[in-house]
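Subject: The structure we talked about

Hi,

Here is the structure I promised to pass on to you. Please open it next to this email, and below I will walk you through what I found.

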Amino acid sequence: MKARDIPALLYVIAAVIFIFLPVVVLVQFSFQDGLAPVPPFKGFSLRWYDKMFADRKLMEALGNSVLVGGLSSVAATALGFLAAFKLARRPGRAAPQMRFLLMAPITVSYIIIALGLLIVFNGLGIGKSLFAVGLGHVVINLPLCFAVIYSQMGEHQANVERAALDLGASEFKALIYVTVPMLWPALLAAFFIAFTLSWDEFVIAQLLSKFDVTLPVVIFSLLRTGLNPVTNAVGTFVFAVSIGLVVLVELLLARRRRDG
Amino acid sequence: MMAANKNWLSVNRWGAAPALLFTAACFVAPLIAMALVSVSERIGGHTVLTWTLDNYRGFVSRSDGTFVSALVNSIEVTVTVTILSVFAAYPLAYILAYRVPKRWQRVALVAIVLPFWTSYVIRSYSWLLVLSENGIISQTLLNLGITDDPIGLGNTRGATVLGFVHFFVMLLTLTIYANLSQIKDSYRKAAADLGANGFQTFLHVTLPLSLPGVAVGAFLTFVLAVGDYITPQILGGGKELLLPQAIMLQIGRAADFPMASALSMILMLVVTAAYLLFARYLRMERV
């Protein structure tokens with residue numbers, strides 16, 4: 001190693017410590033064999049995970065999170081795919097305006113999106129529910145799904161689609177049997193990105209739900225009890241799921257890059 | 001293709017319609033509704049559109065000054081966070097792009113920003129663990145004899161800033177790295193061939209070429225930080241409010257939708273102003 005690399009190395013080490021410190025503390029003290037998730041570390045125990053999985057409220061919230069995340073991500077991916085297909089294959093004159101409108105929600109704070117939906121639902125007499133939360137999550141995820149899928153649509157796929165149409169496939173059949181299989185890594189990546197964001201999202205879930213709540217809402221209410229190893233366990237679990245999904249997306253898109 | 005185009009259900013023709021309709025119904029319409037509610041007043045439990053500017057006047061004139069100071073706090077915190085994050089992230093992105101072997105860069109990048117994917121709630125809670133009176137920092141300082149009493153660093157503006165910087169260092173490392181890795185090696189080689197030393201090459205070639213990436217990242221940081229409720233709520237505590245906390249209070253405890261809407265409009269105005277500022281800066285860079 002050259003002498004000039006040493007400051008760089010030190011900087012990276014400092015940055016990595018800063019970035020990983022809270023996560024390491026979170027994970028380590030979720031295994032704390034004691035009542036407080038703070039030093040000293042008293043030994044390894046899984047009791048807080050047992051407690052977490054035995055907690056009915058947490059498990060219900062977990063189910064709700066998976067349900068809302070799954071359905072809203074399927075919806076966002078489907079809407080994003082159809083729009084990306086149209087705008088990539090037959091842009092038309094209004095395409096820039098359409099792309100602008102589809103991407104616009106990305107610039108607006110979640111709290112404003114939630115408040116707007118709350119006002120509309122109140123006006124229409126629709127109560128707070130998981131469905132409302134799901135709609136909110138489609139709003140925030142549609143731009144991302146659209147962007148991910150749109151960026152992966154290329155001319156080589158269009159040629160294969162044209163071949164299918166020339167061979168007598170209907171447009172619908174070409175879409176299902178040709179386009180979707182060619183694009184599946186991008187579609188799955190879009191789905192998992194959307195799921196990860198929905199899985200973690202708090203403000204919309206908090207404002208648009210009432211009795212059935214998602215995991216981040218329950219975690220937030222847990223914080224009122226102060227530092228608590230169960231919160232560490234839930235946090236570690238939520239983080240592990242997110243990381244699993246991110247690694248999956250990374251592998252899917254890496255495969256795409258190799259194939260492409 | 002011709003046959004497909006005659007089909008009235010053609011995805012080629014109507015594919016964007018569902019997404020556009022959805023965005024219009026669930027994004028544009030709620031924003032318009034919010035704008036209208038911000039010029040409404042509450043009369044007997046109902047929100048009535050009276051085209052009043054009272055909510056905006058209330059923002060300025062409210063006797064205890066809560067709202068104006070929430071706006072000022074928000075801008076102070078967000079600007080601090082943006083500047084600190086840019087200066088912390090740039091060296092990291094630079095080292096990743098130029099000192100790490102090409103084939104390891106992507107893996108290194110994904111590994112370094114892994115905590116990016118913890119949720120806001122969990123990330124803020126984790127910092128609370130680190131900063132609390134019996135947390136790891138306080139305990140370490142005690143053991144080293146640097147302080148005699150445990151120190152609680154939570155519930156301060158500093159904690160909010162720290163929590164934000166932690167997140168945005170990762171985001172900015174991603175955007176700045178993406179920009180740096182697209183600058184052609186030949187530019188830096190040419191500068192070296194022409195006699196520039198490492199620092200001159202950085203100052204006159206790499207830095208100017210990377211500024212657009214910095215500007216995009218800084219803008220994202222500003223927009224996301226100024227609109228975030230969780231980090232200041234969990235780490236900053238209730239001592240001083242930021243704008244999103246003030247909005248949440250109006251929605252929740254006060255159930256005052258007109259005021260909450262007016263505050264939201266002001267938040268959007270701040271974001272728009274930031275956009276115009278950054279857009280001008282970018283254009284000037286190009287000249």
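A definition comes before anything else: two strands pair if DSSP finds at least two bridges between them. Strands (E, at least two residues) and helices (H or I, at least four residues) are DSSP runs, numbered from the N terminus.

A word on the model and its labels. This is a predicted model, in which local features need pLDDT of at least 70 and side-chain atom pairs count only at pLDDT 80 or more, while totals for chains, interfaces and linings use all residues. Residues are numbered from 1 along each chain as its sequence is written, and chains are lettered from A and ligands numbered from 1 in the order in which they are written.

**The strands of chain B**

Let's use that definition straight away. Strand E1 (residues 40-43) of chain B is joined to E2(B) by four bridges, and the two run antiparallel. Which residue of E2(B) is the bridge partner of B:Ser40? The partner is B:Leu49. In a similar way, B:Glu41 has B:Val48 of E2(B) as its bridge partner. E1(B) and E2(B) form a hairpin with two residues between them. In the turn, B:Gly44 has a positive phi of about 55 degrees.

After the hairpin, have a look at B:Trp51, which sits in the loop between strand E2 (46-49) and helix H4 (54-61) of chain B. Its phi is near 55 degrees, a positive value in a residue other than glycine. Is B:Trp51 buried or exposed? To answer, you need the cut-offs: a residue is buried if 20 or more other C-beta atoms lie within 10 Å of its own, exposed if 12 or fewer, and partly exposed in between, with C-beta atoms placed from the backbone. B:Trp51 has 8 C-beta neighbours inside 10 Å, so it counts as exposed.

Further along chain B, B:Leu207 belongs to helix H11 (residues 198-226). It counts as partly exposed because it has 13 C-beta neighbours inside 10 Å. B:Leu207 and B:Tyr90 are 117 residues apart along the chain, and their C-alpha atoms are separated by 10.0 Å.

**Chain A as a whole**

Now turn to chain A. Its secondary structure comes to 11 helices and zero strands. Along the principal axes, its C-alpha atoms fill a box of roughly 70 × 65 × 30 Å. Of its 260 residues, 46% count as buried.

For contacts, the rule is that the C-beta atoms of two residues, placed from the backbone, lie within 7 Å. Among the contacts in chain A with a separation of 6 or more, 75% are between residues 24 or more positions apart.

Chain A is divided into domain 1 (1-45) and domain 2 (56-259), with bounds that come from an automatic or database domain assignment. The C-alpha centres of these two domains of chain A lie 32 Å apart. Nine residues from domain 1 and eight residues from domain 2 take part in their contact.

Two residues of chain A are worth finding on your screen. A:Lys173 is in helix H8 (residues 171-200) of chain A, and with 12 C-beta neighbours inside 10 Å it counts as exposed. A:Lys173 is 38 residues from A:Leu135 in sequence and 29 Å from it in space, C-alpha to C-alpha. A:Gly125 lies in the loop between helix H5 (110-124) and helix H6 (130-151) of chain A. This glycine is exposed, because 6 other C-beta atoms are within 10 Å. The C-alpha atoms of A:Gly125 and A:Phe29 are separated by 45 Å, with their positions 96 residues apart along the chain.

**Where the chains meet**

How many residues of chain A are in contact with chain B? There are 72, and they touch 67 residues of chain B. Helix H1 (residues 5-28) of chain A gives the largest share of chain A's side, 14 residues.

Two packed helices are described by the angle between their axes and the distance between the axes. H1(A) and helix H7 (residues 120-131) of chain B pack at about 85 degrees, with axes 8 Å apart. Axes are lines fitted to C-alpha atoms, for helices over the stretch in contact, and angles run from 0 to 180 degrees between N-to-C directions. H1(A) is therefore roughly perpendicular to H7(B); angles of 65 to 115 degrees count as roughly perpendicular, under 35 as roughly parallel, over 145 as roughly antiparallel and the rest as oblique. Residues making this contact include A:Leu21 and A:Pro22 of H1(A), and B:Ile122 and B:Trp127 of H7(B).

Enjoy exploring!
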